[in-house]
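Trainee: I'm new to this structure and would love a close look at one part of it. Could you pick a part, show me where it belongs in the whole, and then stay with it for a while?

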Amino acid sequence: MNRCTRTTLSLYLTLTMAVPAVPAPPQRPPLDQLKKEAVAEVDRLATFTQQMVDQVFSFAELGFQEYETSRYLTGVLEKNGFRVERGVAGMPTAWTATWGSGKPVIAFITDIDCIPLASQKPGVAYHAPMVEGAPGHGEGHNSGMAVNVTAAFVLKKLMEKHRIAGTLKLVPGVAEELVATKAFFVREGLFRDADIVLGSHVDNEFAVNYGQPVNNSGLVSVQYFFHGRTAHSAGAPWSGRSALDAVELMNAGWNYRREHLRTQHRSHYVITNGGEQPNVVPSEASVWYYFRELDYKRILELYELGNTMADAAAMMTDTTVNRRLVGSAWPNHFNKVVAETAQKNIEAVGMPQWSEADHTLARSLQKEISATVEGLKTKVTPLEAPRDPRGGGSDDVGDISWNAPMIYLRYPANIPNLPGHNWANAVAMATPIAHKGSTAGAKVMAMTALDFLLTPELVRQAWDYFRDLQTKEMKYAPFIAPSDQPPVEMNKEKMEKFAPQLKKFYYDPAKYKTYLEQLGIQYPTVRK
Ligand SMILES: [Zn+2]
């Protein structure tokens, strides 16, 4: 078609195509009114939220093995009209669920994996494993999707009803406990189109913050594999080369060097393979290190120091070494504009109404583990200006937080003063404490999303903070190399061992109102 014909045709089409008469949209209620509607809808879904909390609790799956959990969550999302893509970023248990169209794109993220050795009967204020030695939700990640999915369903309903443009996108924090996925999600571009990222994480307070949290570090997680030569340990030890010696020398070297590192650094290791039996010189041994620091440059320096120690230990023992980056996390940095917006919603929602039974469970557990006995928190946490970070745990959402304006809503679904990564942290996680806290969290997530869906100026301000302050001098660069792949085989053997036993206890919401009811647990069960 030549240009003249094309122009004529397009003119013809423009003139002849009838523009259908668009009915004037009904007056959309003001934002405050929509938020009230959202709160009422979240309350209406309280049973759904409770069932999701209980269901995921009962699956108790370790990182990269969240097969039942992901099957269940994607099923629910698909049934409710979300477009699901499975196996994203090279991870069988990762997925995205999307609904809506156009801008803004609001992404929701929350973790789904559990903790080794944390199996625990819910509602029981002393150590009582569901399955001895099995993993369990001793971090409370079973409640996060209940928060995000409830909020997303409510938003979808309001967006349809009031013709609100925008896209909702849900992403699961697969294997967060291995800090092994978000850098790959970023590399895959899962957050490339996100205007705002709303993360949620279980806590005992109702809070949000901006900047780098005071108790947060970034990290690299790396395994060193030493290779030597077997020999009879007594008959011909001179013929052997001990890979275990290399591991021990590396650890000794690191522990001496520790004295001369900044106090903000944190590092720890476990020996994942120490040999077969004493009379065989170990030809294979391995050690797994976490190197944590407060910023990208210092984390890289620690990592390089670790590599030097490993090479030196190999040299001393005449062994060889190779390494594998298992996970990495940028230090978190949360967006001031998004945090201030969410804080107003936290204050509007307020803390859940705890019952005497909830407080009794909390106080009994605190007493049981010799923690400060104070029951549950009853006031929301005020928004504070960031303080100088001193270091602590890591979360690979840090990588996302350096790619789009993000917050991490901490909703009150657990008991204060617990050790973390422990059976005690699982006690409340399928009880009314977790149910009420998740409902409260879903309200804030839905309200905050509405703020950004309906106020383009707020989206712009969040990006101004992101571009002009947060990333002005510090630009994101991944710790992972282009050739690195997620270690999706991790935890496979452990899960294969425990899944058949855990399966007997999967929650059946068709038969039982709550998981406590299914297990026949009196709430709360406390020491007399
Ligand atoms: Zn977590």
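Mentor: Gladly! First, a word on how the elements are named: helices are DSSP runs of H or I with at least four residues, strands are runs of E with at least two, and both are numbered from the N terminus. Counted in that way, the protein has 15 helices and 10 strands. Its radius of gyration is 26 Å, close to the 24 Å that the globule rule gives for 528 residues, so the protein is as compact as a globular protein of that length. Please keep in mind that this is a predicted model.

Here is the wider setting. Along the principal axes, the C-alpha atoms fill a box of roughly 95 × 75 × 45 Å. Of the 528 residues, 51% are buried. If you take the contacts between residues at least 6 apart in sequence, 82% of them join residues at least 24 apart. The domain assignment splits the protein into domain 1, made of 31–214 + 331–472, and domain 2, which covers 218–329. Their centres, taken over C-alpha atoms, are 35 Å apart. Where the two meet, domain 1 contributes 13 residues and domain 2 contributes 12 residues. The side of domain 1 that touches domain 2 has six nonpolar, three polar and four charged residues.

The part I'd like to show you is helix α4, together with the loop that leads into it. Helix α4 runs over residues 67–79, which makes 13 residues. From its first C-alpha to its last, α4 reaches 18 Å, close to the 18 Å expected at 1.5 Å a residue. Which of its residues are buried? They are Glu68, Thr69, Ser70, Leu73, Thr74 and Leu77. As you turn the model, look for what these residues pack against: the helices α3 (46–59) and α5 (144–162), and the strands β1 (83–86), β2 and β4 (166–173). After α4 comes Gly81, whose phi is positive, near 90 degrees.

Now step back to the loop between α3 and α4, where you will find Gln65. This residue has 28 other C-beta atoms within 10 Å, and 20 or more count as buried, so Gln65 is buried. Thr93 is 28 residues away from Gln65 along the chain, yet their C-alpha atoms are separated by 6.9 Å. Leaving aside neighbours within four places in sequence, Gln65 is in contact with Asn491, Lys492 and Met495.

That gives us a good reason to follow the trail to α14, the helix of residues 492–503. This helix has 12 residues and reaches 16 Å from first C-alpha to last, close to the 16 Å expected at 1.5 Å a residue. Its buried residues are Met495, Phe498 and Leu502. Viewed down the axis of α14, they fall within an arc of 90 degrees, so they line one face of the helix. The other side of α14 holds exposed residues: Glu493, Glu496, Lys497 and Pro500. Met495 is therefore a handy landmark for you, being part of the buried face of α14 and also one of the contacts of Gln65.

Before we finish, here are a few backbone details to look for elsewhere. A cis peptide bond, with omega about -5 degrees, joins Lys103 and Pro104. Pro104 sits in the loop between β2 (95–101) and β3 (105–111), and β2 is one of the strands that the buried residues of α4 pack against. Another cis peptide bond joins Tyr523 and Pro524, with omega about -10 degrees. You will find Pro524 in the segment after α15 (515–519).

Two residues other than glycine also have a positive phi: Ser370, near 60 degrees, and His421, near 50 degrees. Ser370 belongs to the loop between α10 and α11 (397–401), and with 8 other C-beta atoms within 10 Å it is exposed. His421 lies in the loop between β10 (406–412) and α12 (432–454), and its 15 C-beta neighbours inside 10 Å make it partly exposed.

If you would like a path to retrace, start at Gln65 in the loop between α3 and α4, go on to the buried residues of α4, and then return to Gln65 and follow its contact with Met495.

Notes
Residues are numbered from 1 along each chain as its sequence is written. This is a predicted model: local features need pLDDT of at least 70, side-chain atom pairs count only at pLDDT 80 or more; totals for chains, interfaces and linings use all residues. Domain bounds come from an automatic or database domain assignment. Two residues are in contact if their C-beta atoms, placed from the backbone, lie within 7 Å. Ala, Val, Leu, Ile, Met, Phe, Trp, Tyr, Cys and Pro count as nonpolar, Asp, Glu, Lys and Arg as charged, and the others, Gly among them, as polar. The radius of gyration is taken over C-alpha atoms; the globule rule is 2.2 Å times the number of residues to the power 0.38. A residue is buried if 20 or more other C-beta atoms lie within 10 Å of its own, exposed if 12 or fewer, and partly exposed in between; C-beta atoms are placed from the backbone. The expected span of a helix is 1.5 Å times one less than its number of residues. The arc is that of the directions from the helix axis to the C-beta atoms.
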